[in-house]
Structure formats: structure tokens, C-alpha cells
Amino acid sequence: RDDIWLPLYVSESCRPLEDMEERALVSLALLLQKLAVSVVQWDQKCATHRFRVYWDKNTTKIAFNQGGDLIYFNAHWYCTLDHESNEEEACIFWFVVIAHELAHNYSNDHDESFAYAMG
């Protein structure tokens with residue numbers, strides 16, 4: 001699809017995706033693109049270099065920050081939490097996830113520095 005510019009990944013153990021899972025992967029990518037541009041105020045190039053969307057139903061991770069450079073978001077949780085049916089709730093939830101992962105650039109732990117960065 002031409003409207004998706006974030007890189008998408010699927011765990012080897014989860015291939016092939018069912019239609020519903022593929023829709024969730026695409027929907028989360030579109031939502032994160034919107035949040036990156038309109039809320040975080042990154043341009044497309046910056047967001048493309050910082051965000052990744054993946055599907056892995058075999059992990060409890062909603063997202064993770066890799067070395068402060070890349071943030072991976074697990075679309076399995078977008079689907080599990082039924083965010084497809086409630087865009088407002090999805091925007092709030094994934095914005096908090098973005099803030100949480102960016103705060104880890106200031107502290108690996110959930111300590112005072114982390115709380116300040118969230119805040």
C-alpha cells in the first residue's frame with residue numbers, strides 16, 4: 001500500500017497472517033503515522049527512521065525501544081485490545097505507549113528520571 005511508510009515486520013513463527021491480523025498491522029501503522037506527524041510533530045522521514053510495526057502474538061511486549069533509535073510496536077496488541085473499533089481509545093493508548101518508549105531514552109528503569117521524561 002502506498003499510504004503506509006512505516007516498515008512492517010511479521011515474526012517468522014506467526015506467518016502467514018490471517019486477514020484480521022494483517023488489517024491490524026496496517027491499521028496500527030496508519031495510526032502511528034498520524035500520531036507521529038500530528039502529535040509528536042515529526043516529519044515522515046524522521047518517523048520512518050524511528051518507528052517500526054511488527055506482529056508477534058508469542059510475546060507480552062506491547063512495544064520496545066531498541067537503543068534509543070528505534071521503537072517497535074506490536075500490532076498483536078492493537079488487535080487484542082480491539083482498537084480497530086474505537087479510534088479515540090486507540091489514539092490515547094498508543095500515544096501513551098509512544099511517550100513511554102521515548103521516556104526510556106532518558107532512563108532504562110522506571111525511576112524518577114523516567115517519570116520526569118513522561119511528564
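# Chatting through a sheet, its helices and a few odd spots

Reader: Hi! Let me start with P16: where does it lie?
Author: P16 lies in the loop between β1 and α1. Keep in mind that this is a predicted model.

Reader: Got it. And what kind of peptide bond runs from R15 to P16?
Author: That bond is cis, and its omega is near -10°.

Reader: Which side chain does R15 meet in a salt bridge?
Author: R15 meets E12, with 3.2 Å from N to O. E12 counts as exposed because its relative accessible area is 63%, and exposed means over 50%.

Reader: Why would two side chains like that pair up at all?
Author: Opposite charges on side chains can pair when the charged atoms come close.

Reader: Nice. How many salt bridges does the structure hold?
Author: The structure holds 2 salt bridges. Besides E12 with R15, there is one between the side chains of E87 and K34, at 2.4 Å from N to O. That second pair links distant parts of the chain, since E87 is in helix α4 and K34 is in helix α1, 53 residues apart.

Reader: Are E87 and K34 buried or exposed?
Author: Neither label fits. E87 is partly exposed, at 48% relative accessibility. K34 is partly exposed too, with a relative accessible area of 38%.

Reader: Let's switch to the sheet. What is the order of its strands?
Author: The sheet is open, has 4 strands and runs β1-β2-β4-β3, with mixed pairing. At the edges are β1 (8-10) and β3 (63-66), and each of these pairs on one side only. From one strand to the next, the twist averages 25°.

Reader: Mixed pairing, okay. Which strands run antiparallel?
Author: β3 and β4 run antiparallel, joined by 4 bridges. By contrast, β1 and β2 pair in the parallel sense over 3 bridges. β2 (residues 51-55) and β4 (residues 70-74) also pair in the parallel sense, over 4 bridges.

Reader: Can you give me some residues to click on? What is the partner of R52 in β4, for example?
Author: Sure! R52 has Y72 as its bridge partner in β4. V53 has F73 as its bridge partner there. Y72 also has F64 standing opposite, and V10 stands opposite W55 in β2.

Reader: Is β2 mostly buried or exposed?
Author: Buried: 5 of the 5 residues of β2 are, so this strand is largely enclosed by the rest of the structure. F51, V53 and W55 point one way, R52 and Y54 point the other way, and all are buried.

Reader: And β3, which residues are on its covered face?
Author: The covered face of β3 has A63 and N65, while F64 and Q66 are on the uncovered one.

Reader: What sits between β3 and β4?
Author: They form a hairpin with 3 residues between the strands, where G67 takes a positive phi near 65°.

Reader: Which residues other than glycine have a positive phi?
Author: Two to look at are Q41 and D82. Q41 has a phi near 65° and lies in the loop between α1 and α2 (44-50). Q41 counts as exposed because its relative accessibility is 64%. D82 has a phi of about 55° and is found in the loop between α3 (75-80) and α4. At 45% relative accessibility, D82 counts as partly exposed.

Reader: Now the helices. What packs on the sheet?
Author: Go back to β2 and β4, which pair in the parallel sense over 4 bridges. Helix α1 (residues 19-38) packs on the sheet and touches β1, β2 and β4, with its direction at about 165° to that of β2. Helix α4 packs on the sheet as well, touching β2, β3 and β4, and its direction makes about 145° with that of β4.

Reader: Last topic: which residues form the nonpolar patch on the surface?
Author: V39, I92, F95, V96 and M118 form it, and together they have about 400 Å² of accessible area. Helix α4 (residues 87-103) gives the largest share, 3 residues.

Reader: How does F95 fit in there?
Author: F95 lies in helix α4. With a relative accessible area of 35%, F95 is partly exposed, and the patch takes residues with over 30%, so F95 clears that cut-off.

Methods. Residues are numbered from 1 along each chain as its sequence is written. This is a predicted model: local features need pLDDT of at least 70, side-chain atom pairs count only at pLDDT 80 or more; totals for chains, interfaces and linings use all residues. Side-chain values use heavy atoms; hydrogens and water are left out. Patches are made of residues with over 30% relative accessible area and no salt bridge: like charges are joined within 9 Å, nonpolar side chains (Val, Leu, Ile, Met, Phe, Trp, Tyr) within 5 Å. Accessible areas come from the Shrake-Rupley method with a 1.4 Å probe; for residues, only the protein chains shown count as cover. A salt bridge is a side-chain nitrogen of Lys or Arg within 4 Å of a carboxyl oxygen of Asp or Glu. Helices (H or I, at least four residues) and strands (E, at least two) are DSSP runs, numbered from the N terminus. Buried means under 20% relative accessible area, exposed over 50%, partly exposed in between (1.4 Å probe, protein chains only). Two strands pair if DSSP finds at least two bridges between them. Axes are lines fitted to C-alpha atoms, for helices over the stretch in contact, and angles run from 0 to 180 degrees between N-to-C directions. Contact means heavy atoms within 4.5 Å.
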